[in-house]
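Work through the exercises below with the sequence and the model open. Each task is followed by a solution in steps.

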Amino acid sequence: MRIKFEKTMKIASELLSYCHRMGASEFHLDITEGNHAVSLVIRAKPEHITIEAMERLRIALEAPRQREIEQDYWELMGEVEGSSEMTLLGMLCDETSVVYEGDELTITLVRYD
């Protein structure tokens with residue numbers, strides 16, 4: 001159970017770092033742990049995000065989950081910057097969603113057990 005929580009916190013940290021790099025100074029993070037899944041939703045108001053950056057983020061996070069080499073990805077998290085890091089994050093999750101409405105960015109990630 002502790003390892004699951006640590007993985008969740010690492011994912012949350014990467015999401016917060018991404019939003020901070022995009023100029024956000026206010027963040028809202030919701031983490032929901034269920035019996036067979038954990039969901040992370042971050043809402044932020046980034047100052048420096050473009051349509052192109054949003055599209056790169058969406059594509060990066062849509063990378064399919066790769067359970068068979070997941071341990072290698074955990075070791076790489078925090079070591080790379082930019083879209084490669086977000087691609088790694090996408091490979092650790094089963095479902096992703098990126099929505100930018102008004103001035104608020106909402107990123108949702110779900111991991112199933």
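**Exercise 1. A threonine in a helix**

Task: Decide whether T8 is buried or exposed, and list what its side chain and its neighbours in space are.

Solution.
Step 1. T8 has a relative accessibility of 2%, and since buried means under 20%, T8 counts as buried. The model is a predicted one.
Step 2. T8 belongs to helix α1.
Step 3. The T8 side chain reaches the backbone oxygen of K4, at 3.0 Å.
Step 4. Leaving out residues up to four places away in sequence, T8 touches I31, V38 and L40.

**Exercise 2. The faces of α1**

Task: Compare the expected span of α1 with the distance between its end C-alpha atoms, then find where its buried residues lie around the axis.

Solution.
Step 1. α1 has 20 residues, and at 1.5 Å a residue it should span 28 Å. Its end C-alpha atoms are 29 Å apart, which agrees.
Step 2. The buried residues of α1 are T8, I11, A12, E14, L15, Y18 and C19.
Step 3. Viewed down the helix axis, these buried residues fall within an arc of 155°, so they line one face of α1.
Step 4. Exposed residues R2, I3 and H20 are carried on the face of α1 turned away from the buried side.
Step 5. After α1 comes G23, which has a positive phi, near 95°.

**Exercise 3. The order of elements**

Task: State how many helices and strands the protein has, and give their order along the sequence.

Solution.
Step 1. The secondary structure comes to four helices and four strands.
Step 2. Along the sequence, the pattern reads α-β-β-α-α-α-β-β.
Step 3. For contacts between residues at least 6 apart in sequence, 64% join residues at least 24 apart.

**Exercise 4. The nonpolar core**

Task: Find which members of the largest nonpolar core touch the most other members, and which elements supply two or more residues to this core.

Solution.
Step 1. Of the protein's 113 residues, 39% count as buried.
Step 2. The largest nonpolar core has 23 residues, and those touching the most other members are L15, Y18, C19, L61, L105, I107 and L109.
Step 3. Two or more residues of this core come from each of α1, β2, α2, α4 and β4.
Step 4. Take L61 as a case: not counting residues up to four places away in sequence, L61 touches M86, L89, G90, T96, V98, I107 and L109.

**Exercise 5. A valine in β3**

Task: Place V98 in its element, classify its burial and list its contacts.

Solution.
Step 1. V98 is in strand β3.
Step 2. The relative accessible area of V98 is 18%; the limit for buried is under 20%, so V98 is buried.
Step 3. Beyond residues up to four places away in sequence, V98 touches M54, L57, R58, L61, L105 and T106.
Step 4. V98 and R58 lie 40 residues apart in sequence, yet their C-alpha atoms are 5.8 Å apart in space.

**Exercise 6. Salt bridges**

Task: Count the salt bridges, then describe the pairs R58 and E55, R43 and D30, and R67 and D94.

Solution.
Step 1. With a cut-off of 4 Å from a side-chain nitrogen of Lys or Arg to a carboxyl oxygen of Asp or Glu, the count is six salt bridges.
Step 2. R58 and E55 form a salt bridge at 2.2 Å, N to O. They are three residues apart in helix α2, so about one helical turn separates them.
Step 3. R58 is partly exposed at 28% relative accessible area, and E55 is partly exposed at 36%.
Step 4. E55 and R58 also belong, with E62, to a network of salt bridges.
Step 5. R43 and D30 form a salt bridge at 2.8 Å, N to O. This pair links distant parts of the chain, with R43 in strand β2 and D30 in strand β1, 13 residues apart.
Step 6. R43 counts as partly exposed at 28% relative accessibility, and D30 is partly exposed at 39%.
Step 7. R67 and D94 form a salt bridge at 3.8 Å, N to O. This pair too links distant parts of the chain: R67 is in the loop between α2 and α3, D94 in the loop between α4 and β3, 27 residues apart.
Step 8. R67 is partly exposed at 42% relative accessible area, and D94 is partly exposed at 30%.

Technical notes:
Residues numbered from 1 in each chain as written. Predicted model: local features only at pLDDT ≥ 70, side-chain atom pairs only at ≥ 80, totals over all residues. Heavy atoms only, no water. Buried < 20%, exposed > 50% of the residue type's maximum accessible area, 1.4 Å probe, protein only. Core = buried A, V, L, I, M, F, W, Y, C linked by side-chain atoms within 4.5 Å. Contact = heavy atoms within 4.5 Å. Expected span 1.5 Å × (residues − 1). Arc of directions from axis to C-beta. Polar contact = N/O pair within 3.5 Å; in protein donor to acceptor, adjacent residues only side chain to side chain.
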